[in-house]
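Open the model in your viewer and keep the selection panel at hand. The stops below run from the ligand outwards to the whole chain, then to one helix pair.

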Amino acid sequence: MTGRELARAGHRVTILEARDRIGGRIWELPESEFGYRAEGGAEFIHGDAPVTKTLIADAGLTLLQGRRDGERLDMRGGTVSDRDDDAPGFELLPEKLAALKHDLPIAQFLDRNFTGEQFAALRRSIIRMTEGYDAADPNRASTFALREEWLGGGLRQSSRVAEGYGAIMKFLAAEIRKHGGAIRFNVEVKSVEGATVRCADGTTITGDRILNTVPLPVLHDIDFGGAFVPKLAAADAIGYGDVIKILFGFKTMFWKSAHGRDMSHLSFLLSDEFVPTWWTQYPRPHTVLTGWFAGPRAAKSTLSEAELIERGLDAVSRIFATDARPHLTAARAIHWGRDPFARGAYSYATPESHDAQDELSKPLGTLYYAGEALYRGADMGTVEAALANGKDTAARILAA
Ligand SMILES: Cc1cc2nc3c(=O)[nH]c(=O)nc-3n(C[C@H](O)[C@H](O)[C@H](O)COP(=O)(O)OP(=O)(O)OC[C@H]3O[C@@H](n4cnc5c(N)ncnc54)[C@H](O)[C@@H]3O)c2cc1C
């Protein structure tokens, strides 16, 4: 996004990308695998996402509304029920959140305000949400951020790009090239000294300004010199969670009449399986189930892709009380924490993250840093966060 803005403003832009593809944590899987451009990384558009929606319109792409329109089921404890997020005590949550004067980790907030057996389900539900949705550690995640998300309605809307997030990335890449910019692939940056970048293959490149956009933990893998040390400490003060995303393609929607009920409108389900969260592509007809597990539990997993696929198939078979294996046509299990150029999935706010964002946003000479982790709005850790922060950073570079 920054590259597009700078190239459009007449500057010469060169992007150095370690992978052999664009997108980073947006990863478009080939259509031949799942029958459509399935998402190995980011998939949903959360909240209002004005920058993303403008790009979708500019690129002539289609916004698909309505992940929340389908049926959302709770399939825990061997029973199937319509999802009901409101555990006893939920009605007290807005008041307790609103009364909070100082930020603190969510686990501490729950311990202080919702002790006792009567709130056990509420505590479990919030911890589950923090770990599962924000990929966050409840012992670090900011309660103020939870307040903003929940009281601000950030979780209420969610949509998709019909052509996939990858189409937005292709549009930006084409724009950069159209304005004379270049994207070099398989170029891993190893160090930055002054305005010179040194790459793993020994080549160097010098520019007037350097913009670094690697994910937070990857900052530790690049030598930025001694003056960057306070920035590394700031990066560590922001949370960064892990996600394992599993995709299964099936010959048919074999789950459609599981448990003797019509599940053809199923969009999302929560279970107590090892891979607890699953969603369909509803309202699109693709016969794909996506499994998700996130947060500290995902970070600890040492399972291989084949083992994760097996665990996922066990979970799906138990959830729908049918052996899923004979229906399977394609499978992927992507553990983002093991990806050397991502080292996890996305950032989350901690009580220290605002100060840390201030520190990281300050350029060090000609070196700038941008990315989803520096976004100040409610939907940190998202594609919108990355795009909006990229756009702001371009404006700051142009102003300087
Ligand atoms: C599984 C998963 C699901 C997600 N789901 C959603 C979702 O539904 N909705 C949503 O909005 N967001 C979602 N996200 C988050 C979203 O993908 C990210 O917040 C966003 O894409 C980050 O963009 P970025 O430009 O900041 O970082 P990145 O996309 O990580 O870009 C950084 C780039 O730097 C490159 N790089 C790293 N190291 C080097 C190096 N040494 N040299 C050169 N290049 C390097 C990387 O290859 C990468 O291309 C999800 C993320 C994951 C992993």
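Select β13 (243–250) and α13 (383–399) in this predicted model: each of them gives at least two residues to the shell around the ligand. Colour α13 separately, since with 4 residues α13 makes the largest contribution to that shell.

Next, show the 34 residues around the ligand and label Gly24, Ala42, Gly371, Thr382 and Ala386, which come nearest. Colour the shell by class: 19 of its residues are nonpolar, 7 are polar and 8 are charged.

Now zoom out and switch to cartoon. The protein has 13 helices and 19 strands. Its radius of gyration is 22 Å, close to the 21 Å that the globule rule gives for 400 residues, so the protein is as compact as a globular protein of that length. Along the principal axes, the C-alpha atoms fill a box of roughly 65 × 50 × 40 Å.

Colour by burial: 38% of the 400 residues count as buried. If you draw contacts with a separation of 6 or more, 74% of them join residues 24 or more positions apart.

For the last stop, select helix α9 (residues 229–237) together with helix α12 (residues 353–361). The two pack at an angle of about 145°, and their axes are 8 Å apart. The crossing of α9 past α12 is left-handed. Show side chains here: Pro230, Lys231, Ala234, Ala235 and Ala237 of α9 meet Ser353, Ala356, Glu359 and Leu360 of α12. By class, this contact holds 6 nonpolar residues, 1 polar and 2 charged.

Key: Residues numbered from 1 in each chain as written. Predicted model: local features only at pLDDT ≥ 70, side-chain atom pairs only at ≥ 80, totals over all residues. Near = placed C-beta within 6 Å. Nonpolar A, V, L, I, M, F, W, Y, C, P; charged D, E, K, R; others polar. Rg over C-alpha atoms; globule rule 2.2 N^0.38 Å. Buried ≥ 20, exposed ≤ 12 C-beta atoms within 10 Å, placed from the backbone. Contact = placed C-beta atoms within 7 Å. Axes fitted to C-alpha atoms, helices over the stretch in contact; angles between N-to-C directions. Left-handed = near helix turned anticlockwise from the far one by under 90°.
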